[in-house]
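The following exercises concern a ligand site and the empty space in a protein model. Each task is followed by a solution in steps.

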Amino acid sequence: MQIPVTKTTTPKSRPPEAELGFGKFFSDHLFSTTYTPDQGWHDAKVVPYGPLVMDPAAGVFHYGQAMFEGSKVFRGKDGALQLFRPEAHAHRMAMGAPRLSMMCPSEEQMLAGMHALARADADWVPHAPGTALYLRPTLVATEAFLGVRPATAFLFFIIASPVGSYYGGSGLKSVRIWVETNDVRAPKGGLGATKAGANYAASLHAAQAAKKQGFDQVLWLDGKDHEFIEEVGTMNLFVVIGGKLLTPPLSDSILAGVTRDSVIQLARSQGLVVEERPVSIKEVRAAAQSGTLTEIFGTGTAAVISPVGELAFAGGEKLIVNQGKPGPISLSLFETISGIQRSTVADPHRWMVPVK
Ligand SMILES: *Cc1c(COP(=O)(O)O)cnc(C)c1O
(Lines give C-alpha, C1' and ligand atoms only; values in the text may rest on other atoms or scores of the structure.)
Protein backbone atom coordinates (compact mmCIF):
# COMPACT_ATOMS: atom_id res chain seq x y z
CA MET A 1 0.00 0.00 0.00
CA GLN A 2 1.32 3.39 -1.05
CA ILE A 3 0.92 6.05 1.68
CA PRO A 4 0.30 9.48 0.10
CA VAL A 5 2.56 12.25 1.36
CA THR A 6 1.63 15.93 1.36
CA LYS A 7 4.82 17.86 2.02
CA THR A 8 4.73 21.01 4.10
CA THR A 9 5.17 24.27 2.22
CA THR A 10 6.40 25.99 5.39
CA PRO A 11 9.20 23.85 6.84
CA LYS A 12 10.28 24.84 10.35
CA SER A 13 13.85 25.81 11.16
CA ARG A 14 15.81 23.07 12.90
CA PRO A 15 16.65 23.61 16.57
CA PRO A 16 20.37 23.34 17.45
CA GLU A 17 21.18 19.74 18.44
CA ALA A 18 22.61 20.85 21.78
CA GLU A 19 19.25 22.36 22.75
CA LEU A 20 16.93 19.49 21.83
CA GLY A 21 16.06 18.20 25.31
CA PHE A 22 13.12 15.80 25.25
CA GLY A 23 9.77 16.41 23.56
CA LYS A 24 10.17 20.17 23.09
CA PHE A 25 10.30 20.31 19.30
CA PHE A 26 8.16 18.61 16.68
CA SER A 27 8.99 17.74 13.10
CA ASP A 28 7.30 18.97 9.91
CA HIS A 29 4.87 16.09 9.33
CA LEU A 30 2.59 13.57 10.98
CA PHE A 31 1.13 10.23 9.94
CA SER A 32 -2.54 9.54 10.50
CA THR A 33 -5.20 6.96 9.72
CA THR A 34 -8.87 6.84 10.66
CA TYR A 35 -11.23 4.06 11.78
CA THR A 36 -14.96 3.99 11.20
CA PRO A 37 -17.16 0.90 11.54
CA ASP A 38 -18.17 0.87 7.87
CA GLN A 39 -14.77 1.66 6.34
CA GLY A 40 -12.40 0.11 8.87
CA TRP A 41 -8.93 1.71 8.94
CA HIS A 42 -8.58 4.03 5.97
CA ASP A 43 -7.16 7.34 4.76
CA ALA A 44 -3.58 6.56 5.83
CA LYS A 45 -1.45 9.58 4.96
CA VAL A 46 1.50 11.77 5.83
CA VAL A 47 0.53 15.44 6.08
CA PRO A 48 2.06 18.65 7.43
CA TYR A 49 2.22 18.75 11.27
CA GLY A 50 -0.62 20.79 12.73
CA PRO A 51 -3.65 20.88 15.04
CA LEU A 52 -6.25 18.11 14.92
CA VAL A 53 -9.91 18.99 14.57
CA MET A 54 -12.11 16.92 16.89
CA ASP A 55 -15.67 17.08 18.11
CA PRO A 56 -15.86 18.24 21.75
CA ALA A 57 -17.98 15.15 22.46
CA ALA A 58 -15.19 12.84 21.21
CA GLY A 59 -14.80 9.83 23.53
CA VAL A 60 -11.17 10.59 24.34
CA PHE A 61 -12.13 13.79 26.17
CA HIS A 62 -14.73 12.16 28.41
CA TYR A 63 -14.00 8.49 28.95
CA GLY A 64 -10.25 8.49 28.47
CA GLN A 65 -9.89 6.00 25.63
CA ALA A 66 -6.32 6.95 24.72
CA MET A 67 -3.02 5.17 24.54
CA PHE A 68 0.38 5.78 23.04
CA GLU A 69 3.77 4.33 22.17
CA GLY A 70 7.29 5.71 22.19
CA SER A 71 10.10 4.50 19.96
CA LYS A 72 13.14 6.03 18.30
CA VAL A 73 14.75 6.46 14.89
CA PHE A 74 18.55 6.64 15.06
CA ARG A 75 21.16 7.86 12.63
CA GLY A 76 23.87 5.20 12.46
CA LYS A 77 27.50 6.22 12.26
CA ASP A 78 27.26 5.80 8.45
CA GLY A 79 24.29 8.21 8.37
CA ALA A 80 21.68 5.52 7.56
CA LEU A 81 18.40 5.70 9.50
CA GLN A 82 17.33 2.79 11.66
CA LEU A 83 14.44 2.06 14.00
CA PHE A 84 15.04 0.20 17.28
CA ARG A 85 12.72 -2.84 17.54
CA PRO A 86 9.72 -1.07 15.94
CA GLU A 87 7.74 -4.31 15.66
CA ALA A 88 7.88 -4.72 19.45
CA HIS A 89 6.27 -1.29 19.86
CA ALA A 90 3.57 -1.98 17.26
CA HIS A 91 2.88 -5.33 18.92
CA ARG A 92 2.52 -3.74 22.35
CA MET A 93 -0.03 -1.24 21.08
CA ALA A 94 -1.98 -4.00 19.34
CA MET A 95 -1.97 -6.02 22.58
CA GLY A 96 -3.02 -3.05 24.73
CA ALA A 97 -5.89 -1.67 22.63
CA PRO A 98 -8.43 -4.43 23.49
CA ARG A 99 -7.99 -3.76 27.24
CA LEU A 100 -9.18 -0.21 26.51
CA SER A 101 -11.92 -1.49 24.17
CA MET A 102 -10.26 0.30 21.28
CA MET A 103 -9.79 -0.66 17.66
CA CYS A 104 -6.16 -0.52 16.56
CA PRO A 105 -4.51 -0.56 13.12
CA SER A 106 -2.74 -3.82 12.26
CA GLU A 107 0.89 -4.06 13.32
CA GLU A 108 1.85 -3.86 9.61
CA GLN A 109 -0.15 -0.63 9.20
CA MET A 110 1.47 0.92 12.28
CA LEU A 111 4.95 -0.09 11.09
CA ALA A 112 4.21 1.33 7.62
CA GLY A 113 3.22 4.59 9.30
CA MET A 114 6.44 4.71 11.34
CA HIS A 115 8.56 4.14 8.23
CA ALA A 116 6.57 6.66 6.17
CA LEU A 117 6.97 9.41 8.77
CA ALA A 118 10.66 8.60 9.34
CA ARG A 119 11.17 8.91 5.56
CA ALA A 120 9.24 12.17 5.26
CA ASP A 121 11.08 13.70 8.24
CA ALA A 122 14.46 12.03 7.62
CA ASP A 123 16.19 15.42 7.86
CA TRP A 124 14.82 15.74 11.38
CA VAL A 125 16.83 12.79 12.69
CA PRO A 126 19.68 14.47 14.56
CA HIS A 127 23.34 13.46 14.13
CA ALA A 128 25.07 13.74 17.52
CA PRO A 129 25.70 10.58 19.55
CA GLY A 130 22.79 9.82 21.89
CA THR A 131 20.28 11.87 19.91
CA ALA A 132 17.31 10.41 18.00
CA LEU A 133 13.98 11.19 16.39
CA TYR A 134 11.41 10.05 18.94
CA LEU A 135 8.20 8.69 17.39
CA ARG A 136 4.98 8.98 19.38
CA PRO A 137 2.26 6.75 17.91
CA THR A 138 -1.06 7.68 19.55
CA LEU A 139 -4.53 6.14 19.46
CA VAL A 140 -7.65 8.07 20.54
CA ALA A 141 -11.42 7.60 20.45
CA THR A 142 -13.01 10.20 18.16
CA GLU A 143 -16.68 9.19 18.05
CA ALA A 144 -18.88 12.05 19.32
CA PHE A 145 -21.36 10.83 21.92
CA LEU A 146 -22.11 10.98 25.64
CA GLY A 147 -23.10 7.88 27.58
CA VAL A 148 -20.58 5.35 28.76
CA ARG A 149 -19.66 2.69 26.22
CA PRO A 150 -16.69 2.03 23.95
CA ALA A 151 -16.41 4.45 21.05
CA THR A 152 -16.76 3.12 17.52
CA ALA A 153 -14.52 5.64 15.71
CA PHE A 154 -10.80 6.15 16.29
CA LEU A 155 -7.83 8.15 15.10
CA PHE A 156 -4.31 6.74 15.06
CA PHE A 157 -1.53 9.25 14.47
CA ILE A 158 2.24 9.44 14.82
CA ILE A 159 4.14 12.61 15.60
CA ALA A 160 7.93 12.93 15.76
CA SER A 161 10.20 14.90 18.09
CA PRO A 162 13.96 15.25 17.73
CA VAL A 163 15.43 14.48 21.16
CA GLY A 164 18.82 15.10 22.70
CA SER A 165 21.09 12.76 24.54
CA TYR A 166 19.29 12.13 27.85
CA TYR A 167 22.45 12.65 29.87
CA GLY A 168 23.94 15.47 27.81
CA GLY A 169 27.59 14.74 27.05
CA SER A 170 28.46 13.79 30.59
CA GLY A 171 27.68 10.06 30.76
CA LEU A 172 25.15 8.34 33.02
CA LYS A 173 23.84 10.23 36.04
CA SER A 174 22.18 8.59 39.02
CA VAL A 175 18.73 9.70 40.17
CA ARG A 176 17.27 10.11 43.66
CA ILE A 177 14.01 8.24 44.13
CA TRP A 178 11.12 8.63 46.55
CA VAL A 179 9.53 5.31 47.60
CA GLU A 180 5.80 6.00 47.25
CA THR A 181 3.57 4.28 49.80
CA ASN A 182 0.37 6.23 49.28
CA ASP A 183 -0.52 6.70 45.62
CA VAL A 184 -0.72 3.70 43.28
CA ARG A 185 0.27 3.87 39.62
CA ALA A 186 -1.59 0.76 38.51
CA PRO A 187 -3.67 -1.69 40.56
CA LYS A 188 -4.05 -5.41 39.89
CA GLY A 189 -6.68 -5.77 37.20
CA GLY A 190 -6.11 -2.19 36.00
CA LEU A 191 -4.49 -0.65 32.94
CA GLY A 192 -0.86 -0.92 34.07
CA ALA A 193 0.19 -3.29 31.31
CA THR A 194 -1.00 -0.84 28.64
CA LYS A 195 0.51 2.49 27.68
CA ALA A 196 -2.76 4.22 28.50
CA GLY A 197 -2.58 7.95 29.15
CA ALA A 198 -4.68 7.24 32.25
CA ASN A 199 -1.70 5.51 33.93
CA TYR A 200 0.26 8.70 33.52
CA ALA A 201 -2.58 10.79 34.93
CA ALA A 202 -2.56 8.49 37.97
CA SER A 203 1.20 8.96 38.42
CA LEU A 204 1.53 12.74 38.12
CA HIS A 205 0.47 13.68 41.65
CA ALA A 206 3.06 11.56 43.48
CA ALA A 207 5.77 12.43 40.95
CA GLN A 208 5.10 16.13 41.44
CA ALA A 209 5.17 15.81 45.23
CA ALA A 210 8.46 13.88 45.04
CA LYS A 211 9.97 16.58 42.82
CA LYS A 212 8.95 19.25 45.31
CA GLN A 213 10.95 17.33 47.94
CA GLY A 214 13.99 17.32 45.65
CA PHE A 215 13.65 13.80 44.22
CA ASP A 216 13.76 12.92 40.53
CA GLN A 217 11.03 10.28 40.42
CA VAL A 218 9.08 7.80 42.51
CA LEU A 219 9.42 4.08 43.05
CA TRP A 220 6.03 2.42 42.58
CA LEU A 221 5.09 -0.44 44.87
CA ASP A 222 2.31 -2.96 44.32
CA GLY A 223 -1.15 -1.47 44.72
CA LYS A 224 -2.38 -3.96 47.30
CA ASP A 225 0.16 -4.09 50.14
CA HIS A 226 2.83 -1.60 49.04
CA GLU A 227 5.26 -4.44 49.60
CA PHE A 228 6.71 -5.38 46.19
CA ILE A 229 8.62 -3.11 43.84
CA GLU A 230 6.97 -2.55 40.44
CA GLU A 231 8.36 0.33 38.37
CA VAL A 232 10.38 3.50 38.79
CA GLY A 233 8.79 6.65 37.34
CA THR A 234 7.82 5.58 33.84
CA MET A 235 10.52 2.94 33.63
CA ASN A 236 10.85 -0.74 34.41
CA LEU A 237 12.98 -1.56 37.41
CA PHE A 238 16.04 -3.76 37.90
CA VAL A 239 17.90 -4.53 41.12
CA VAL A 240 21.32 -6.20 41.36
CA ILE A 241 21.55 -8.37 44.47
CA GLY A 242 24.41 -10.83 45.00
CA GLY A 243 25.49 -10.32 41.39
CA LYS A 244 22.08 -11.42 40.03
CA LEU A 245 19.84 -9.14 38.02
CA LEU A 246 16.32 -9.16 39.51
CA THR A 247 13.21 -7.62 37.97
CA PRO A 248 9.51 -8.04 38.81
CA PRO A 249 7.69 -10.45 36.49
CA LEU A 250 5.31 -8.94 33.92
CA SER A 251 1.77 -8.64 35.24
CA ASP A 252 -1.30 -6.54 34.64
CA SER A 253 0.26 -3.73 36.68
CA ILE A 254 3.62 -3.65 34.89
CA LEU A 255 4.35 -2.35 31.40
CA ALA A 256 6.27 -4.80 29.21
CA GLY A 257 9.12 -2.46 28.31
CA VAL A 258 11.02 -3.04 25.09
CA THR A 259 14.17 -1.85 26.87
CA ARG A 260 13.40 -4.22 29.77
CA ASP A 261 13.26 -7.12 27.33
CA SER A 262 16.45 -5.96 25.58
CA VAL A 263 18.29 -5.72 28.91
CA ILE A 264 17.18 -9.22 29.91
CA GLN A 265 18.31 -10.70 26.57
CA LEU A 266 21.65 -8.86 26.61
CA ALA A 267 22.41 -9.66 30.25
CA ARG A 268 21.67 -13.37 29.72
CA SER A 269 23.79 -13.48 26.56
CA GLN A 270 26.65 -11.99 28.60
CA GLY A 271 26.30 -14.76 31.18
CA LEU A 272 24.54 -12.77 33.90
CA VAL A 273 21.82 -14.53 35.89
CA VAL A 274 18.48 -12.75 35.43
CA GLU A 275 15.51 -13.61 37.63
CA GLU A 276 12.02 -12.36 36.81
CA ARG A 277 10.33 -12.71 40.18
CA PRO A 278 8.63 -10.60 42.83
CA VAL A 279 11.14 -8.47 44.77
CA SER A 280 9.94 -7.02 48.06
CA ILE A 281 11.14 -3.71 49.43
CA LYS A 282 12.11 -5.76 52.52
CA GLU A 283 14.50 -7.85 50.40
CA VAL A 284 16.03 -4.70 48.92
CA ARG A 285 16.50 -3.19 52.39
CA ALA A 286 18.05 -6.39 53.78
CA ALA A 287 20.40 -6.64 50.81
CA ALA A 288 21.45 -3.03 51.31
CA GLN A 289 22.21 -3.75 54.98
CA SER A 290 24.20 -6.89 54.21
CA GLY A 291 26.07 -5.18 51.39
CA THR A 292 24.82 -7.46 48.59
CA LEU A 293 22.72 -4.75 46.91
CA THR A 294 25.10 -3.27 44.36
CA GLU A 295 22.90 -1.51 41.77
CA ILE A 296 19.37 -0.37 41.01
CA PHE A 297 18.37 1.04 37.64
CA GLY A 298 15.34 1.87 35.53
CA THR A 299 14.98 1.03 31.83
CA GLY A 300 13.02 2.84 29.11
CA THR A 301 13.24 4.19 25.58
CA ALA A 302 13.95 7.79 26.65
CA ALA A 303 17.00 7.24 28.89
CA VAL A 304 17.82 3.58 28.04
CA ILE A 305 19.32 3.03 31.52
CA SER A 306 18.70 5.31 34.49
CA PRO A 307 20.80 4.36 37.54
CA VAL A 308 19.22 4.91 40.96
CA GLY A 309 21.64 6.35 43.53
CA GLU A 310 19.26 6.77 46.44
CA LEU A 311 15.94 5.46 47.74
CA ALA A 312 14.20 7.68 50.28
CA PHE A 313 11.36 6.45 52.50
CA ALA A 314 8.61 8.25 54.38
CA GLY A 315 9.94 8.71 57.91
CA GLY A 316 13.40 9.79 56.83
CA GLU A 317 15.15 6.49 56.11
CA LYS A 318 17.59 6.65 53.21
CA LEU A 319 19.23 3.90 51.29
CA ILE A 320 22.29 4.86 49.23
CA VAL A 321 23.12 2.56 46.30
CA ASN A 322 26.73 2.17 45.12
CA GLN A 323 27.69 5.43 46.87
CA GLY A 324 25.12 7.22 44.75
CA LYS A 325 26.97 6.48 41.52
CA PRO A 326 26.13 4.41 38.40
CA GLY A 327 27.40 0.84 38.77
CA PRO A 328 29.29 -1.35 36.29
CA ILE A 329 26.28 -3.34 35.05
CA SER A 330 24.28 -0.14 34.39
CA LEU A 331 27.23 1.39 32.56
CA SER A 332 27.91 -1.69 30.46
CA LEU A 333 24.26 -2.18 29.46
CA PHE A 334 23.97 1.49 28.56
CA GLU A 335 27.13 1.41 26.42
CA THR A 336 26.06 -1.76 24.63
CA ILE A 337 22.48 -0.70 23.83
CA SER A 338 23.51 2.84 22.83
CA GLY A 339 26.26 1.34 20.66
CA ILE A 340 23.83 -1.01 18.91
CA GLN A 341 21.50 1.95 18.29
CA ARG A 342 24.33 3.96 16.75
CA SER A 343 25.68 0.91 14.91
CA THR A 344 29.07 1.14 16.58
CA VAL A 345 28.46 -2.19 18.35
CA ALA A 346 27.42 -5.48 16.69
CA ASP A 347 23.68 -6.21 16.70
CA PRO A 348 23.42 -10.00 17.09
CA HIS A 349 19.74 -9.83 18.03
CA ARG A 350 18.92 -7.85 14.85
CA TRP A 351 17.16 -5.13 16.79
CA MET A 352 17.91 -2.35 14.28
CA VAL A 353 15.55 -2.07 11.32
CA PRO A 354 16.59 0.15 8.38
CA VAL A 355 14.03 2.84 7.50
CA LYS A 356 12.61 1.91 4.13
C1 LIG B 1 6.89 3.23 28.29
C2 LIG B 1 7.02 2.68 29.69
C3 LIG B 1 8.12 1.90 30.08
C4 LIG B 1 9.31 1.66 29.21
O5 LIG B 1 9.02 0.94 28.05
P6 LIG B 1 10.06 0.95 26.85
O7 LIG B 1 9.40 0.11 25.81
O8 LIG B 1 11.32 0.33 27.37
O9 LIG B 1 10.24 2.37 26.45
C10 LIG B 1 8.12 1.38 31.37
N11 LIG B 1 7.12 1.62 32.22
C12 LIG B 1 6.06 2.37 31.89
C13 LIG B 1 4.98 2.60 32.87
C14 LIG B 1 5.97 2.92 30.60
O15 LIG B 1 4.91 3.67 30.28
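The exercises treat the ligand, the pocket and the cavities in turn, for a model that is predicted.

**Exercise 1. Describe the shell of residues around the ligand.**

Solution. Step 1: count the neighbours. With a cut-off of 4 Å between heavy atoms, the ligand is surrounded by 15 residues. The closest of them are K195, Y200, E231, T259 and T301.

Step 2: sort the shell by class. It comprises four nonpolar, seven polar and four charged residues.

Step 3: assign the shell to secondary structure. At least two shell residues come from each of α2 (86-96), β11 (235-241) and α5 (258-269).

**Exercise 2. Identify polar atoms of K195, V258 and T259 that approach the ligand, and state how far the protein covers the ligand.**

Solution. Step 1: examine the side chains. In K195, a side-chain N or O atom is 2.7 Å from an oxygen atom of the ligand. In T259, a side-chain N or O atom is 2.6 Å from a ligand oxygen.

Step 2: examine the backbone. A polar backbone atom of V258 is 2.7 Å from an oxygen atom of the ligand.

Step 3: apply the cut-off. A polar contact requires N or O atoms within 3.5 Å, and the distances of 2.7 Å for K195, 2.7 Å for V258 and 2.6 Å for T259 satisfy this.

Step 4: consider the surface. The ligand taken alone exposes 380 Å², of which the protein buries 96%.

**Exercise 3. Characterise the largest pocket.**

Solution. Step 1: establish its volume and lining. The largest pocket contains about 830 Å³ of space. It is lined by 39 residues, and Y200, G233, T234, M235 and A302 are the closest to its centre.

Step 2: find the main contributor. Helix α4 (residues 197-212) gives the largest share of this lining, with six residues.

Step 3: divide the lining by class. There are 16 nonpolar, 15 polar and eight charged residues.

Step 4: relate the pocket to the ligand. The space that the ligand takes is this largest pocket.

**Exercise 4. Which residues line the largest cavity?**

Solution. Step 1: count the cavities. Two cavities of 30 Å³ or more are present, and the largest has a volume of about 80 Å³.

Step 2: list the lining. The residues are S71, K72, F74, F84, H89, T259, G300, T301, V304 and Q341.

Step 3: locate the main contributor. Strand β4 (residues 71-75) supplies the largest share, three residues.

Step 4: classify the lining. Three residues are nonpolar, six are polar and one is charged.

How values were computed
Residues are numbered from 1 along each chain as its sequence is written. This is a predicted model: local features need pLDDT of at least 70, side-chain atom pairs count only at pLDDT 80 or more; totals for chains, interfaces and linings use all residues. Side-chain values use heavy atoms; hydrogens and water are left out. A polar contact is a pair of N or O atoms within 3.5 Å; within protein, one must be able to donate a hydrogen and the other to accept it, and residues adjacent in sequence count only if both atoms are side-chain atoms. Accessible areas come from the Shrake-Rupley method with a 1.4 Å probe; for residues, only the protein chains shown count as cover. On a 1 Å grid over the protein atoms alone, a cavity is a set of points where a 1.4 Å probe fits but cannot get out, and a pocket is an open set with protein on both sides within 12 Å along at least five of seven lines; lining residues have an atom within 4 Å of a point. A molecule sits in a cavity or pocket if more than half of its atoms lie within 2 Å of its grid points. Helices (H or I, at least four residues) and strands (E, at least two) are DSSP runs, numbered from the N terminus. Ala, Val, Leu, Ile, Met, Phe, Trp, Tyr, Cys and Pro count as nonpolar, Asp, Glu, Lys and Arg as charged, and the others, Gly among them, as polar. Grid points are joined across faces, edges and corners, and a volume is the space filled by probe spheres set on the points.
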